[in-house]
Amino acid sequence: QNFYNVAVSSAAEARQQLNGYPQGSINAPCVILDGASLELCVSHHQRLFMEVACAAPTVICCRCTPTQKADIVRLIRQTQSSAI
C-alpha cells in the first residue's frame with residue numbers, strides 16, 4: 001500500500017497538498033497527517049479535506065489530541081452518515 005503524507009505549516013500548503021492527492025486512481029494511497037497538519041486542513045479547507053479523506057482507503061491521524069479525534073469523527077458522521 002502506498003502512503004500520501006500531508007505535512008504542512010500553512011493554509012496554502014494544506015490546499016496544495018490536498019489538491020495533489022491522486023483521487024480516482026485504482027491504487028489510491030493512504031493519507032497520513034499529524035495533529036498540526038490536520039488542524040490546518042480542517043480549519044481552512046474542510047470540504048476539500050473531506051473529499052480526500054473519503055476517497056482514501058485509509059486516513060491515519062497521528063499525534064492528535066482527543067478533541068481533534070472527536071471532531072474528525074463528528075465531521076465524518078455529518079458528511080457520511082453510513083461511514084461510522
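User: In this predicted model, does Asp71 count as buried, partly exposed or exposed, and what is its relative accessibility?

Analyst: Happy to start there, keeping in mind that the model is predicted. Buried means under 20% relative accessible area and exposed means over 50%, with partly exposed in between. Asp71 therefore counts as partly exposed, at a relative accessibility of 37%.

User: Which residue does Asp71 meet in a salt bridge?

Analyst: Let's look along helix H4, where Asp71 and its partner both lie, three residues apart, or about one turn of the helix. The partner is partly exposed, with a relative accessible area of 45%. The two side chains meet at 2.8 Å, N to O, and the partner of Asp71 is Arg74.

User: How many salt bridges are there by this rule?

Analyst: One of them joins the side chains of Arg74 and Asp71. Another joins Arg47 and Glu51, at 3.6 Å, N to O. By this rule, the count of salt bridges comes to two.

User: Which helix holds both Arg47 and Glu51?

Analyst: These residues sit four places apart, about one turn of the helix. Arg47 counts as exposed at 68% relative accessibility, while Glu51 is partly exposed at 37%. The helix that holds both is H3.

User: Which element gives the most to the largest nonpolar core?

Analyst: Good one! This core has 21 residues, and Phe49 is among those with the most contacts inside it. Elements that give two or more residues to the core include S1, H1, S2 and H2. In one helix, Leu48, Phe49, Met50, Val52 and Ala53 are buried, and the element giving the most, with five residues, is H3.

User: What covers the buried residues of H3?

Analyst: The buried residues in question are Leu48, Phe49, Met50, Val52 and Ala53. Their cover includes two strands, S2 and S3, and the helices H1, H2 and H4.

User: Is Ser37 buried or exposed?

Analyst: Ser37 lies in helix H2, which spans residues 35–44. Its side chain makes a polar contact of 2.7 Å with that of Asp34. Leaving aside neighbours within four places in sequence, Ser37 is in contact with Val6, Ala7 and Val8. With a relative accessible area of 1%, Ser37 is buried.

User: What is the phi of Arg63 near?

Analyst: Arg63 lies in the loop between S3 and H4, and it counts as exposed at 78% relative accessibility. Its phi is positive, in a residue other than glycine, and is near 55°.

Note on methods: Residues are numbered from 1 along each chain as its sequence is written. This is a predicted model: local features need pLDDT of at least 70, side-chain atom pairs count only at pLDDT 80 or more; totals for chains, interfaces and linings use all residues. Side-chain values use heavy atoms; hydrogens and water are left out. Buried means under 20% relative accessible area, exposed over 50%, partly exposed in between (1.4 Å probe, protein chains only). A polar contact is a pair of N or O atoms within 3.5 Å; within protein, one must be able to donate a hydrogen and the other to accept it, and residues adjacent in sequence count only if both atoms are side-chain atoms. Contact means heavy atoms within 4.5 Å. A nonpolar core is a set of buried Ala, Val, Leu, Ile, Met, Phe, Trp, Tyr and Cys residues joined through side-chain atoms within 4.5 Å. A salt bridge is a side-chain nitrogen of Lys or Arg within 4 Å of a carboxyl oxygen of Asp or Glu.
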